[in-house]
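Here is a short report for a reader new to this structure. Please look over the sequence and the model before reading on.

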Amino acid sequence: MCGILAVLGCCGDSQAKRVRVLELSRRLKHRGPDWSGIYQFKDSYLSHQRLAIVDPASGDQPLFNEDKSIVVTVNGEIYNHEELRRQLSPKHKFRTGSDCEVIAHLYEEHGEDFVDMLDGMFSFVLLDTHDNSFIVARDAMGITSLYIGWGLDGSVWIASELKGLNDECEHFQAFPPGMFYSSKTRDFRRWYNPPWFLEKTPSTPYDPLVLRRAFENAVIKRLMTDVPFGVLLSGGLDSSLVASVTARHLERTKAAEQWGKQLHTFCVGLEGSPDLAAAREVANYLGTLHHEFHFTVQDGIDAIEEVIYHIETYDVTTIRASTPMFLMSRKIKSLGVKMVLSGEGSDEIFGGYLYFHKAPNKDEFHRETCHKVKALHQYDCLRANKSTSAWGLEARVPFLDKEFVNVAMSIDPEWKMIKKDEGRIEKWILRRAFDDEERPYLPKHILYRQKEQFSDGVGYSWIDGLKAHAQQHVTDKMMLNASNIYPHNTPMTKEAYYYRMIFERFFPQNSARLTVPGGASVACSTARAVAWDASWSKNLDPSGRAAIGVHNSGYEKHSAPVADVSSKIIGNVPLGNGSIPQLAIRGGVYISVRFSCTCGGDLFSGSGGFSMLGKCVSPVLEVFE
């Protein structure tokens, strides 16, 4: 991913302004460490930090048309750029082999009505020097991050990340995906209008071969690269399918000619985590060159502040999942890899989160998937984009291919419904599409492995460790005042409060906190879906394990690994005066805990470290290995 920053219509064109734009652009250099560029025309500046993936030798930005009257700065990849070049009239002359240069020429030929022609992930600013007008656009799903802000001097600011503009704008917000902004009308217009966007329940019959072909095409087009690449492989269904399809088609690509025919795969997790074992098995099955990275709970905790600075959110789920991805991305980049394919988007499209087991009917199921896909730019897309871009690594997500999404979201949701009595688990239609007896894509037990959210799959004690760490840094007294300190999106847990404190240090503006979504959630549901099960309102946690009765490893079965627990049972441990022992976390021992009480106090057990609510003066803690 690259980093773009544009300041349009600012007051003055002094050298001091240019220096300031360059200074702010450097805040995005982690996204594009390969080259920097800036173009100034009157009172407008377009700057760019480049991560060179296609045409590394000559594709530096900003890019231009023939006479340099049209200027464009782009973050992303245009997968159909060669086809678009062929469709243009012969008068167009290209300066580079960059896939993004075609945008300037499309504008010349079609005006503002060309964005829907682009097949890819992108954010761009285009400046027309004929009349000093500009347009800004973001891809259909919001795979690339983008923000827009307004200065007191009448200027419009565009940046790939908050940190590029938050100190200069009176107000700023996330640029909505699937839309473009024109300086001529001074408003947003939607360019992406698929039928599913209206949330009307579709009726197209399920055809497994149509779905399979659409996904294979989505993967193949993302193998467009002039640099080393690989696949993020957690061992779950989605990443395993990405790896399998990539391995199957890699040999016939230009990338294989340049970098070899053996696919590289990457996985991260705590020692003994579910993902590591499953990924290792899939890699062996596919014959990939597999790279396995380990981290400890403390490694993750130490990185939290840096993670929040880069991903620019205080959302609990996103931070939990971003941290392992952030650590893994650094390792991957150190190997010389600059691009990876990843499996984001499948759960939103197919209803793969475990809470979908409780969807009351197909209409509610479909409506929830629509809401989830529309919100991806605030969650998984943000995580995948910014966690990798922090180290100059690009993540491509074939499940969010525009055509594949349109195919998958047009299927009658009755086929997506989870029906245990018929042997249909979550994402059954995707699993069935790749269940090929003659040429298997994956082993059966991997193809039908239960959903693990990334923050769970890297190791259950990761989340438990985060909760324990927050418990030590956020007091009960602080939580009592949470609604007064943070009236918007008030943190309801100590973990959420801890993340919020860090976020507000980096991004103290009100506009910044408004960019982060809120609301009740269980196992990554929307607030509306919490009502599907009455018990969920009492267990509002975004982990997949919060779907008690659905996940194979619910909270009642997994607590944090703890230190110095050598016996099988530690019984009748008195907790004098209501004090709670703090237990250090380490790998190797899983425990369950139970509090008993003789005075009727209300007790609460946490994992990794424990807290007590209520007035019990003589609680007893029992710990079982």
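## Strands β8, β9 and β10

Trp-150 stands opposite His-171 in β10. The model shown is a predicted one. Strands β8 and β10 run antiparallel, and 4 bridges join them. Strand β8 also has β9 as an antiparallel partner, again through 4 bridges. In that pairing, Ile-148 stands opposite Ile-158 of β9. β8 and β9 form a hairpin, with 5 residues between the two strands. Gly-154 sits in the turn and has a positive phi of about 90°.

Strand β8 covers residues 147-150 and contains Gly-149. Is Gly-149 buried or exposed? Gly-149 is buried, because its relative accessible area is 0%, and the cut-off for buried is under 20%. Its contacts beyond four places in sequence include Ser-155, Val-156 and Trp-157. Leu-165, Cys-169, His-171 and Phe-172 also touch Gly-149. Ala-159 is 10 residues from Gly-149 in sequence. In space, the two C-alpha atoms are 8.5 Å apart.

## The chain as a whole

The chain has 625 residues, and 61% of them count as buried. It holds 21 helices and 20 strands. Its exposed area is about 24,100 Å². Carbon and sulfur atoms supply 51% of that area.

How many of the contacts between residues at least 6 apart in sequence join residues at least 24 apart? The share is 70%.

## An open sheet of 6 strands

Another part of the chain forms an open sheet. Its 6 strands follow the order β4-β5-β6-β7-β11-β12, with antiparallel pairing. Which strands are at the edges? They are β4, residues 63-64, and β12, residues 187-190. Each of these pairs on one side only. Strands of a sheet pair through backbone hydrogen bonds, either parallel or antiparallel.

Strand β5 spans residues 70-78, and 2 bridges join β4 to it. The two strands run antiparallel. Here Phe-64 stands opposite Val-71 of β5. Helix α3, residues 102-110, lies across β4, β5, β6 and β7. Helix α3 runs at about 125° to β5.

## Two packed helices

Two packed helices are described by the angle between their axes and the distance between the axes. Helix α8 covers residues 297-311, and helix α9 covers residues 316-334. They pack at an angle of about 105°, and their axes are 9 Å apart. That angle makes α8 roughly perpendicular to α9, because 65 to 115 degrees counts as roughly perpendicular.

Which residues make the contact? From α8 they include Asp-299, Gly-300, Ala-303, Ile-304 and Val-307. Glu-306, Ile-308, His-310 and Ile-311 of α8 take part too. On the α9 side are Thr-318, Ile-319, Ser-322, Thr-323, Phe-326 and Leu-327.

## Salt bridges

The structure holds 41 salt bridges. One of them joins the side chains of Glu-168 and Arg-20, at 2.5 Å from N to O. Glu-168 lies in the loop between β9 and β10, while Arg-20 lies in helix α1, so the pair ties together parts that are 148 residues apart in sequence. Glu-168 is partly exposed, with a relative accessible area of 28%. Arg-20 is partly exposed as well, at 21%.

Arg-396 and Glu-77 form another salt bridge. Their closest N and O atoms are 3.6 Å apart. Arg-396 is in strand β17 and Glu-77 is in strand β5, so this pair ties together parts that are 319 residues apart in sequence. Arg-396 is buried, with a relative accessible area of 0%. Glu-77 also counts as buried, at 4% relative accessibility.

## Within a helix, and a network

The side chains of Arg-500 and Glu-504 meet in a salt bridge, at 2.9 Å from N to O. Both residues lie in helix α20, which covers residues 494-506. They are 4 residues apart, about one turn of the helix. Arg-500 counts as buried at 1% relative accessibility. Glu-504 counts as buried at 14%.

Elsewhere, salt bridges that share partners build one network. Its members are Arg-31, Glu-161, Lys-163, Glu-312 and Lys-386.

Methods
Residues are numbered from 1 along each chain as its sequence is written. This is a predicted model: local features need pLDDT of at least 70, side-chain atom pairs count only at pLDDT 80 or more; totals for chains, interfaces and linings use all residues. Side-chain values use heavy atoms; hydrogens and water are left out. Two strands pair if DSSP finds at least two bridges between them. Contact means heavy atoms within 4.5 Å. Axes are lines fitted to C-alpha atoms, for helices over the stretch in contact, and angles run from 0 to 180 degrees between N-to-C directions. Buried means under 20% relative accessible area, exposed over 50%, partly exposed in between (1.4 Å probe, protein chains only). Accessible areas come from the Shrake-Rupley method with a 1.4 Å probe; for residues, only the protein chains shown count as cover. A salt bridge is a side-chain nitrogen of Lys or Arg within 4 Å of a carboxyl oxygen of Asp or Glu. Angles under 35 degrees count as roughly parallel, over 145 as roughly antiparallel, 65 to 115 as roughly perpendicular and the rest as oblique.
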